[in-house]
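User: Hello! I am new here and would like a close look at one part only: the aromatic rings and what lies around them. Please take me through it in one connected answer.

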Amino acid sequence: MIEAWALVEKGAVVDSRDADRLVPWWSFTKTVLAAAALVLIRDGLITLDEPVEGRPYTLRQLLQHRSGLANYGDLRAYHEAVGRGDDPWPVPELLNRLDAQKLRYPAGEGWDYSNVGYLVVGQLIETIVGSDLNAALQRLVLTPLGIRNARIARDRADLADVSMGSAKGYHPAWVYHGLMVGTVADAALLLDRLLETSLLTLGLLREMLTPFVLPGPIAGRPWQNPGYGLGTMTGDTTAGLNVGGHTGGGPGSTIAVYRSLGGSVSRTAAFFRTSEDEAVTEEGAFRLLDG
C-alpha cells in the first residue's frame, strides 16, 4: 500500500510524504477542465447559461452533472473490458453503446454524475482553443498557475512512471474526458493557486464553489452535506469542515484534493492511496485540513 500526501498553507507545502510521486489524478481532472472552461467564459469566448451550440444543455449543466447525459460507469461491458485490459472503445462506439443522444432526464431537472458530460466539455475546449486537450489545459490553466509537470496521459506508455497500484497496463483513454497525471504536491498546489490567485474572477470562483446540494449524508463516506459546484465537490464533512475540491478514483488507486473554505487559515491537501476505497482517502485529506 502506497500513501502519499501534501498539505499547502499560504502557497507553500508545509507537510508532505512522498509528495513528488507521479500519480493519476482521475476525476480531479474534472476540476482542471472546469477551470479551463471558466477561463474561456472569463475571456468572453463562451457563456455559462446559454445552450451549447446544437445541444439541449448549457455549460453550467455539463459542469454540474445536470445535463441529463448518461454515464458509462453504469455499463457492465465497460467494466468487463477494462478488467480484461482491452483497448478503449472509439468515442462513437461508446456513445452508441450508451444511446447518448437520448437524455436520461430533461437538462437541468435532475442530477447524475456523468463522465460523458465532461467528455463534451473537453471537446468544447479543444474546439474553441483549436488544439488538443493537453495543449489547451497547459495554456489555459497549468502554465498560468505554475504547474509544469502535469499532463494528459494518452496511452499506456504515458503511465510507465506513474504509480498505478494494481492497475499495471491500464489504458488512460478509458477515462474519456482525459486522465491527467502529476505529482501529489502539484495537485494540492494547483487547487490552492486556482482558488487563491486571479486566474478567475471572484464571481467565477463563487460560481465554481456554489453547490447544487445533494441528498446527504453519504453512507460510508465522510460527507454530511454534500454538493456539487462547477467541477468541484463541495459541502460539509462529518468532521465539521466546509471544503471544496474533488475526489478521484479508478482501477488501483484513489486521490482526494480539497481546500478548507472559511476560517482564519485556508489549507489545501492532496491525499493519494493505492486503494480503491474513496472514503478512506477522503478521510486522509480531511484530517490534514483539520490539523
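Analyst: Let us begin with Arg-97, whose charged end sits over the ring of Trp-89, 3.9 Å from the ring centre (that is, NZ of Lys or CZ of Arg within 6 Å of the centre and within 35 degrees of the ring normal). A second example is Arg-66, with its charged end over the ring of Phe-212, also at 3.9 Å from the centre. The model is predicted, so local features need pLDDT of at least 70 and side-chain atom pairs pLDDT 80 or more, while totals for chains, interfaces and linings use all residues. Numbering starts from 1 along each chain as its sequence is written, and side-chain values use heavy atoms, without hydrogens or water.

Trp-89 brings us to the ring pairs, since ring pairs link Tyr-72, Tyr-78, Trp-89, Trp-174 and Tyr-176 into a cluster. Rings of Phe, Tyr and Trp (its six-membered ring) pair with centres within 6.5 Å; planes under 30 degrees apart are stacked, over 60 edge-to-face, the rest tilted. Counted in this way, there are 13 aromatic pairs. One of them joins Tyr-78 to Trp-174: the centres are 5.6 Å apart and the planes meet at 70°, an edge-to-face arrangement. Tyr-78 belongs to helix H3 (residues 76-84), whereas Trp-174 is in the loop between strand S4 (151-153) and strand S5 (179-183), so this pair ties together parts 96 residues apart in sequence. Helices (H or I, at least four residues) and strands (E, at least two) are DSSP runs numbered from the N terminus. Both partners in this pair are buried: Tyr-78 has a relative accessible area of 12%, and Trp-174 has 1%. Buried means under 20%, exposed over 50%, partly exposed in between (1.4 Å probe, protein chains only).

Now for another pair, Tyr-113 with Tyr-228. Their ring centres are 6.4 Å apart and their planes stand at 80°, so these two are edge-to-face. Here too, distant parts of the chain are linked: Tyr-113 is in the loop between helix H4 (91-98) and helix H5 (115-129), Tyr-228 is in strand S7 (residues 223-228), and their positions lie 115 residues apart in the count along the chain. Tyr-113 is partly exposed, at 23% relative accessibility, while Tyr-228 is buried, at 2%.

Tyr-228 also leads us to Thr-234, which touches Tyr-228 (heavy atoms within 4.5 Å). Thr-234 is placed in strand S8 (residues 233-237) and is buried, with 3% relative accessibility. If residues up to four places away in sequence are set aside, the residues that Thr-234 touches include another ring-bearing residue, Trp-223, together with Leu-209, Pro-211, Asn-225 and Leu-261.

One more aromatic residue, Tyr-258, appears among the contacts of Ala-269. Ala-269 is part of strand S11 (residues 267-273) and is buried, with a relative accessible area of 0%. Beyond its neighbours within four places in sequence, Ala-269 is also in contact with Ala-6, Leu-7, Ala-188, Ala-256, Val-257, Ala-285, Leu-288 and Leu-289. For a sense of scale across the model, the C-alpha atoms of Ala-269 and Leu-75 are separated by 32 Å, and the two residues are 194 apart along the chain.
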